[in-house]
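Me: I should be grateful for a close look at one part of this predicted model. Please describe the pairing of its strands, and then follow the description outward to whatever lies beside them.

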Amino acid sequence: MNEKEAILNRHAVREYYDRKIEQKTLEELQSEIARCSAEGDLRIQLITEEPGAFDSFMAHYGKFSNVRNYIVLAGKKSDDLCERIGYYGERIAIRAQMLGLNTCWVALTFSRRRVKKHFRPARGEKLVCVLAVGYGTSRGLSHKSRTHSELCSVQGDMPDWFREGMNCAMLAPTAMNLQKFRLVLTGPHSVRAEATGGPYAEVGLGIVRYHFEIGAGTENFEWDPVPEKSGSKRRSSGHSGAESGAVPGDISAAAFAASEK
Ligand SMILES: Cc1cc2nc3c(=O)[nH]c(=O)nc-3n(C[C@H](O)[C@H](O)[C@H](O)COP(=O)(O)O)c2cc1C
């Protein structure tokens, strides 16, 4: 399975078999985690055989069952932390899929307190979210998607590479499947990715960037920076509850549970 096939096959999986991850698979996953931590300047850690984080009211309410392994996604606080977490976290999720595992991004419906028994953020660090990982009892279901025209902007003909990029971007997981992003073709070989607001939109934007690169091929285009908004330090628009540390008002376990498919 290559990255594109893994993107097609990946869906959020919340129920897992009570089965240890095989040693060779674990080693390959750990190698990708080490590469992503280094390239993304992040602290990413795999915690195995630890059921506590998903043995809480929130986790059961969010329909999680038998989660015994998870990947903690954290890093030094900075304006682009959430976007890097999204990009490199999804690279790990796609590698996990290629290794025969299933995953689910989780920002809310797990116990941060219990995770912190196994992963202590250093001063100035932020634990943004986790990825549940293991052998799923199902492959999950395809999510509903907004249309191309809602998610991208292209003047004239859409190049084939851009269309391929969009096809993969539309399969990207986003919080509550809100798909709060927009990809703009700004020149013959340049693209701008924008977060359009909502909870965890910047984590979603990083995930979308990774998917778009796999679909479009990085040899075909370059990313355009998002113009700075006056009075704003942020590189891209959109609110990120994760970065501020606050739980956004419009995000809840019930909303996650109800948002599916
Ligand atoms: C940043 C982020 C945070 C998420 N947080 C949660 C969560 O707290 N609980 C949950 O059940 N699902 C969570 N999800 C999973 C989404 O609900 C799921 O990815 C989305 O519905 C799309 O479905 P798919 O992953 O099958 O494509 C999160 C996804 C992302 C990207």
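Reply: Two strands are taken to pair if DSSP finds at least two bridges between them. By that criterion, β1 and strand β2 (residues 70–76) are paired in the antiparallel sense, with five bridges between them. One of the residue pairs concerned can be named: Gln 45 has Val 72 of β2 as its bridge partner.

This pair belongs to an open sheet of four strands, whose order is β1-β2-β4-β3 and whose pairing is antiparallel. The edge positions are taken by β1 (43–47) and β3 (102–106); each has a single partner strand, so one side of each has no neighbour in the sheet. From one strand to the next, the twist averages 20 degrees. As general background, the strands of a sheet are paired through backbone hydrogen bonds, in either a parallel or an antiparallel arrangement. Across β1 and β2 lies helix α2 (residues 23–40), which runs at about 165 degrees to β1.

The edge strand β3 leads on to the ligand. The shell around the ligand receives at least two residues from each of β3, α8 (201–216) and α10 (253–259). In total, 24 residues surround the ligand, the closest being Ala 12, Trp 105, Leu 108, Pro 173 and Asn 177. The shell comprises 14 nonpolar residues, nine polar residues and one charged residue. Because domain 1 (3–134) and domain 2 (148–243) both contribute residues to this shell, the ligand lies between them.

Further strand pairing is found along the chain. Strand β5 (residues 152–153) and strand β6 (residues 181–187) run parallel and are joined by two bridges; Cys 152 has Leu 183 of β6 as its bridge partner. Between β5 and β6 the chain passes through helix α7 (residues 160–169), and the resulting β-α-β crossover is left-handed.

On to the next strand, β6 is joined by six bridges to strand β7 (residues 190–195), and these two run antiparallel. The link from β6 to β7 is a hairpin of two residues. Within this pairing, the bridge partner of Phe 181 is Ala 195 in β7. Strand β6 thus takes part in a parallel pairing with β5 and in an antiparallel pairing with β7.

How values were computed: Residues are numbered from 1 along each chain as its sequence is written. This is a predicted model: local features need pLDDT of at least 70, side-chain atom pairs count only at pLDDT 80 or more; totals for chains, interfaces and linings use all residues. Axes are lines fitted to C-alpha atoms, for helices over the stretch in contact, and angles run from 0 to 180 degrees between N-to-C directions. Two residues are in contact if their C-beta atoms, placed from the backbone, lie within 7 Å. A residue is near a molecule or strand if its C-beta atom, placed from the backbone, lies within 6 Å of it. Ala, Val, Leu, Ile, Met, Phe, Trp, Tyr, Cys and Pro count as nonpolar, Asp, Glu, Lys and Arg as charged, and the others, Gly among them, as polar. Domain bounds come from an automatic or database domain assignment. A crossover is right-handed if, with the strands pointing away from the viewer, the path from the first strand over the helix to the second runs clockwise.
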